[in-house]
Amino acid sequence: MIQENLKTVQEKMKAACARCARDPQEVMLIAVSKTRPQEDLQEAYQAGIRDFGENKVQELVDKIPRMPEDVRWHMIGHLQRNKVKYIVGRVALIHSVDSLHLAQEISKESGKQHVETDILVQVNVAGEESKFGTSLEETLSLVQQIAILPHIHVQGLMTVAPYTETEEENRNYFRFLRQLSVDIAHKNIDNVNMNVLSMGMTGDYPTAIEEGATCVRVGTGIFGQRNYTTGQAH
Ligand SMILES: *Cc1c(COP(=O)(O)O)cnc(C)c1O
C-alpha cells in the first residue's frame, strides 16, 4: 500500500515539475511519519525514502535509533526551547523556527554539542491565529537577527498553508512565500541562504511545486489517514 501510494505521489510530483519546466531533482519529498508505527517507516524506507518528517520531539527521539543511520530526520512541528537539546545534532533540518528565543537556544545548544544546525524560518503566510510562524512582515527582521548567531544557519523558509478542500486555494500563499524568499535572497545577508522552500502537503503539494517549493511534506498521501484515537502518540 505505502509503496503504491509513494509511486502515485512521485508521479504527481513529476507531472507538476513538467507543467512548470522544473527539474524533478530540485524537489525533495519528505515522508511525514508522525503517529505512524515503525513498520510503516520501514516500508517507506524500503521503497527508497530517506527523508522523514516528525512533529513531536518525544516521538522523533524514539524513532531515530530504530531506523537506519542514513535517514535524514526533519523536525516540522512546533519546538519548545526546553526540548531543543534532545534534537540538536540528530536532525538534518529544523523547519519550524519562529522566534529569536528559539533560535538562540538552538545556537547555544549547537555550540555546546559542537555541531552546526540548519534551520528554516516558519512563516504564517495566511496569518491564521491557530498557526505558528512569524508574519510575512516580521520575517526579514527575524532572519537578520538569526543570521548573526553562531552555529545556526538559515537555509530558507517554511509554511503550513491553511487546510483547504481544493488545492488551488493556497496558490497565492505559496506565491507570497516564494516572493518573500526571493526578496530576502536579494539582500545577500551573511550566513543566510534561501535555497529551501518547504511548502505543500497532501492536499496541495502539486500547486506548491508549481509555485517553487523545493521540499514538500506529505503524510496522508503516503501512509493513509492518521488515526489519533488509538495506537501511537500524536
Ligand atoms: C502533518 C504535517 C504534514 C503532513 O500533512 P498531510 O496532510 O498528512 O500530508 C506536513 N507538514 C506539517 C508541519 C505537518 O504537521
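Helices (H or I, at least four residues) and strands (E, at least two) are DSSP runs, numbered from the N terminus. The legends below concern a predicted model, in which local features need pLDDT of at least 70, side-chain atom pairs count only at pLDDT 80 or more, and totals for chains, interfaces and linings use all residues. Residues are numbered from 1 along each chain as its sequence is written, and side-chain values use heavy atoms, with hydrogens and water left out.

**View 1. The second largest pocket, with helix H1 and strand E1 in its lining.** A pocket is an open set of points, on a 1 Å grid over the protein atoms alone, with protein on both sides within 12 Å along at least five of seven lines; a cavity is a set of points where a 1.4 Å probe fits but cannot get out; lining residues have an atom within 4 Å of a point. Grid points are joined across faces, edges and corners, and a volume is the space filled by probe spheres set on the points. The second largest pocket holds about 270 Å³ of space. Its lining has 14 residues, and those closest to the centre are Gln10, Met13, Val27, Met28 and Leu29. Helix H1 (2-19) and strand E1 (28-32) each supply at least two lining residues; H1 gives the most, with 4 residues. By class, the lining has 8 nonpolar, 2 polar and 4 charged residues. In this scheme Ala, Val, Leu, Ile, Met, Phe, Trp, Tyr, Cys and Pro count as nonpolar, Asp, Glu, Lys and Arg as charged, and the others, Gly among them, as polar.

**View 2. The largest pocket.** Its volume is about 690 Å³. Lys34, Val160, Ala161, Met201 and Arg226 are the closest to its centre among the 28 residues that line this pocket. The lining divides into 11 nonpolar, 12 polar and 5 charged residues.

**View 3. The residues around the ligand.** A residue is near a molecule or strand if one of its heavy atoms lies within 4 Å of it. Around the ligand are Val32, Lys34, Ile76, Val160, Met201, Thr202, Arg217, Val218, Gly219, Thr220 and Arg226. Polar contacts (a pair of N or O atoms within 3.5 Å; within protein, one must be able to donate a hydrogen and the other to accept it, and residues adjacent in sequence count only if both atoms are side-chain atoms) are listed next. An N or O atom in the side chain of Arg217 is 2.9 Å from a nitrogen atom of the ligand. A polar backbone atom of Gly219 is 2.8 Å from an oxygen atom of the ligand. An N or O atom in the side chain of Arg226 is also 2.8 Å from an oxygen atom of the ligand.

**View 4. Gly77 and Ser96, joined by a side-chain to backbone contact.** Gly77 lies in the loop between strand E3 (72-75) and helix H4 (84-87), while Ser96 lies in strand E4 (residues 93-97). Buried means under 20% relative accessible area, exposed over 50%, and partly exposed in between (1.4 Å probe, protein chains only). Gly77 counts as buried because its relative accessible area is 7%; Ser96 is buried because its value is 1%. The side chain of Ser96 reaches the backbone oxygen of Gly77 at 2.6 Å. Contact means heavy atoms within 4.5 Å. Leaving aside neighbours within four places in sequence, Gly77 is in contact with Glu54, Asn55 and Ser96. On the same basis, the contacts of Ser96 include Met75, Ile76, His78, Leu79, Leu102, Leu120 and Gln122. Gly77 and Phe132 are 55 residues apart in sequence and 9.2 Å apart in space, C-alpha to C-alpha.

**View 5. Two loop residues with positive phi, His114 and Asn188.** Most residues other than glycine have a negative phi. Phi of His114 is near 55°, and phi of Asn188 is near 45°. His114 is found in the loop between helix H5 (100-112) and strand E5 (117-122). Asn188 is found in the loop between helix H7 (171-186) and strand E7 (192-198). His114 counts as exposed, at 74% relative accessibility, and Asn188 counts as exposed at 66%.

**View 6. The largest cavity.** The count comes to 1 cavity of 30 Å³ or more, and the largest cavity holds about 30 Å³ of space. Lining it are Asn124, Val125, Ala126, Glu128, Thr159, Val160, Ala161, Pro162 and Tyr173. By class these are 6 nonpolar, 2 polar and 1 charged residues.
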